[in-house]
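Got the viewer open? Let's take a short walk through this one, selection by selection.

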Amino acid sequence: MALQQRCQLNINQENQQVLNTKQNVTKKVSARPRLALSARDINVSVRCTGTKVKSQLQVPPLKEFRKEVPPSDTEPLPISALPIKPAPLPADIVDIDLEDADYLEFCADYVKDIYEHLFRVETQYTVKPQYLSKHPTLRPHMRMILVEWLVSLQQRFGLLQETLLMGVSVLDRFMSNTSYEVSRNKFQLVGVSCLLVACKCEEMYLPSTADFAYMCDGAYTIQDILRMELMVLETLGFEFAKPLTAHFLRRFSKAGKADSTTHTYAKYLLELALYEYSLVHYKPSAIAAAALSVAGAVTGVVEWDATMLVYSRYQISDLEFAAGKLAELAATAESSIYTKSTYKKYASDRFQQVSRSLGQSSVVIDLARKSQINGQSVLVRFSGARLWLRQQLGDRMALQQRSQLDANRENQQVANVKNLAQKNAEVAVSRAALSARNANVATQNVGVKDKIENTIAPQRPARHRVQQKLRLPPLPRGCLPLDPAPLPPDVLDIDEDDVEHLEFSSEYVKHIYVYLFRLETQFQVKPAYLSKHTSLRPHMRMILIEWLVSLQSRYKLLQETLLMTVSILDRFMSDTSFEVSRSKFQLVGVACMLVACKYEEMYLPSVADFAYMCDGAYTTRDILWMERMILSTLNFELGKPLTQHFLRRFSKAGGADSTTHTIAKYLLELALYEYSMVHCKPSLIAAAALYVAGSVTEVVEWDKTVETYSGYKLTDLEVVATKLAEIAASAETNRYLKGTYKKYSGDKFQRVSRTLGQSSVVLTMGRKASEANV
């Protein structure tokens with residue numbers, strides 16, 4: 001009881017301290033104090049576990065960078081420092097983001113920069129019109145059949161609409177850019193591989209490759225799909241940043257003040273646009289604007305006024321062709337044999353039955369008729385509107401039935417002839433002639449039968465599998481831009497045993513690392529970049545990183561988040577034309593961590609949490625402003641590989657055990673502090689860390705295998721390895737490295753920081769580095 005009373009007394013005292021701190025922060029922070037306090041209520045909770053009372057307020061405030069300007073006097077960042085500068089709005093145009101200033105999830109501070117970037121990016125990933133001309137066995141209606149099947153897969157697995165849109169976008173880009181001629185029997189394989197890639201980009205829980213192989217009805221194996229996925233990734237250079245029509249539709253609907261029904265109409269039209277081959281070369285923004293113009297004309301809600309013109313960048317005359325095509329598709333969707341899945345999906349109550357109401361709209365039929373009159377349509381002649389279409393469809397179904405009867409009759413004849421040929425083996429000449437004739441008849445039968453199956457039930461597009469069920473040969477090496485070099489005979493293939501483990505991507509993991517090695521050279525950091533920030537010094541960068549490490553431990557973030565934070569920090573400080581003062585340096589660091597959290601974490605701290613951890617030095621608006629500047633300076637390109645990406649590969653090549661890998665991870669984190677290594681490639685630092693760790697544990701030998709997979713010889717690692725050893729040897733006494741040393745001295749990380757600091761190998765290497773510096 002006495003212990004419990006003391007416990008309660010301690011809790012009351014700490015709660016009183018927290019309350020006093022809240023009152024002080026409330027006086028300091030002028031912008032949105034209630035939001036800051038709500039975050040503080042979460043972050044400064046006091047808990048009692050057993051007999052131990054511990055406050056979660058563990059991260060000390062960082063005051064080293066606040067000696068120049070008081071927090072209340074911080075000036076706004078200059079707009080001229082932003083590489084992506086949206087055009088200012090005219091005086092008579094309403095700012096649609098003005099009311100979202102209090103909702104941080106809408107990114108009102110830099111949403112215009114984001115869409116300026118998206119408008120630029122969509123012009124970089126164009127699709128060639130009529131790209132099927134270089135695939136002579138394919139026709140536009142086959143593409144419609146494939147898209148219809150992909151729509152059925154989306155519904156079957158409950159995928160997002162963005163996944164479907166991205167799957168078709170990747171399909172069109174691949175078919176347009178590949179130098180490999182895609183035959184009819186591989187077209188479905190390309191489609192399912194593109195949808196698999198889209199799932200990996202968009203979905204949190206995605207179907208397995210085995211699920212996709214099963215939905216192909218046994219036409220392709222798992223290895224076939226993975227091999228084609230590799231080809232898609234290679235052809236597109238692992239670049240999947242093309243904006244989707246849904247991205248622009250949200251913006252345009254907001255600008256036009258579209259209601260729920262109008263927006264759903266437009267979403268339905270976006271999905272119908274996937275089927276239209278004549279629209280593949282259109283920009284996503286143009287299709288989204290055309291869809292909204294048709295939907296707005298039907299509901300009478302959206303007017304294409306000056307506001308819509310500014311935000312969409314299209315006049316209504318620019319959208320006539322695309323709008324006419326979308327109207328035709330909507331008018332004929334109910335009767336079309338190719339768009340049944342999409343029409344049925346949007347005819348449900350979940351989507352307000354918009355497909356039915358849109359198909360019966362006089363506005364849509366008039367737009368479709370006008371499109372046909374202008375000579376822009378070859379699909380439907382609206383002489384008798386639906387009556388003519390039904391008559392044609394009835395004739396087509398009758399023709400299909402007659403074709404089915406003929407096919408059955410000919411198939412029976414083929415079977416009879418084969419039986420007769422087996423019984424009369426002595427008539428060799430007659431049997432050979434008869435077999436040749438039967439083969440031709442059988443091929444024709446399969447073609448007729450496949451036409452009927454694909455027209456009636458496009459969920460199983462056997463049209464693309466005229467040949468027998470196949471096992472694809474290896475893809476030609478000439479069509480892969482990132483082919484890895486063949487392994488020498490004396491080097492072990494470390495991916496050979498992972499063939500049955502699909503999560504290891506053994507089919508194309510070598511291509512992925514070839515891409516990463518190339519990519520790391522594109523995002524180089526300039527050495528000694530602090531020279532252009534006159535008020536900053538290298539030790540200040542160490543202080544900032546130590547504080548970021550404490551934030552990572554406080555919020556239990558991934559190590560990748562910390563590594564990416566420092567990577568973004570160095571890239572921004574190296575590339576920016578804006579001189580960062582001492583009072584803004586911590587603001588840059590916390591904004592970089594916010595960006596990294598959005599990239600790596602599933603559940604991330606809020607902006608208010610980060611503002612609170614800055615002890616009131618910056619408001620949420622300051623952090624969002626700096627985040628905008630970072631993204632704009634880096635052009636939204638955050639794909640630089642991290643040291644840990646390469647370490648996993650090198651550890652596998654060297655056969656490293658758990659302790660060796662953990663020591664190497666510790667060295668990677670220590671490398672973040674070293675200003676003299678900011679320009680080193682991540683792969684070099686990872687290789688040096690593994691070399692030092694392997695030397696300590698005597699597990700990893702730098703043999704031919706590790707040298708081949710890392711790309712570095714021992715002589716290339718000497719400088720970086722000795723520097724890492726020097727840092728590790730002094731980590732216990734270095735006041736800047738306390739956070740990392742303490743973290744890795746716990747049982748969770750096998751106390752590797754203590755082990756490494758006492759290792760004779762590390763001390764010897766560190767002594768050599770010190771002597772070299774002297």
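Helices here are DSSP runs of H or I with at least four residues, strands are E runs of at least two, and both are numbered from the N terminus. Counted that way, the chain has 32 helices and two strands. Keep in mind that this is a predicted model.

Start with the whole chain on display. It has 774 residues, and 51% of them count as buried. If you like contact maps, take the contacts between residues at least 6 apart in sequence: 81% of these join residues at least 24 apart.

**Stop one: a helix pair.** Select residues 140-157, helix H4, together with residues 184-202, helix H6; their axes come within 10 Å and cross at roughly 40 degrees. Which hand does the crossing of H4 and H6 have? The crossing is right-handed. Now switch on side chains. On the H4 side, show Met142, Arg143, Leu146, Trp149, Leu150 and Leu153. They meet Arg184, Phe187, Gln188, Gly191, Val192 and Leu195 in H6. Colour this contact by class and you get eight nonpolar, two polar and two charged residues.

**Stop two: aromatic rings.** A pair of aromatic rings is described by the distance of the centres and the angle of the planes. With ring centres within 6.5 Å as the cut-off, the count comes to 17 aromatic pairs. Pick Tyr131 and Tyr277, an edge-to-face pair at 5.6 Å centre to centre, with 80 degrees between the planes. What does this pair tie together? Tyr131 lies in the loop between helix H3 (111-122) and H4, while Tyr277 lies in the loop between helix H10 (260-273) and helix H11 (284-299), so the pair links parts that are 146 residues apart in sequence. Are Tyr131 and Tyr277 buried or exposed? Both are buried.

Next, jump to Tyr744 and Phe749. This pair is tilted, with 4.4 Å between the centres and 40 degrees between the planes. Tyr744 and Phe749 are buried too.

**Stop three: a cluster and a charge.** Select Tyr115, Phe119, Phe248 and Phe252, which form one aromatic cluster. Then add Arg313: its charged end sits over the ring of Phe119, 4.1 Å from the ring's centre. So Phe119 is worth centring on: the residue belongs to the cluster and has the charged end of Arg313 over its ring.

**Last stop.** Zoom to Trp625 and Arg628. Here Arg628 lies over the face of Trp625, at 5.0 Å from the ring centre.

Methods: Residues are numbered from 1 along each chain as its sequence is written. This is a predicted model: local features need pLDDT of at least 70, side-chain atom pairs count only at pLDDT 80 or more; totals for chains, interfaces and linings use all residues. Side-chain values use heavy atoms; hydrogens and water are left out. Axes are lines fitted to C-alpha atoms, for helices over the stretch in contact, and angles run from 0 to 180 degrees between N-to-C directions. A crossing is left-handed if the near helix is turned anticlockwise from the far one by less than a right angle, and right-handed if clockwise. Contact means heavy atoms within 4.5 Å. Ala, Val, Leu, Ile, Met, Phe, Trp, Tyr, Cys and Pro count as nonpolar, Asp, Glu, Lys and Arg as charged, and the others, Gly among them, as polar. Rings of Phe, Tyr and Trp (its six-membered ring) pair if their centres lie within 6.5 Å; planes under 30 degrees apart count as stacked, over 60 as edge-to-face and the rest as tilted. Buried means under 20% relative accessible area, exposed over 50%, partly exposed in between (1.4 Å probe, protein chains only). A charge sits over a ring if NZ of Lys or CZ of Arg is within 6 Å of the ring centre and within 35 degrees of the ring normal.
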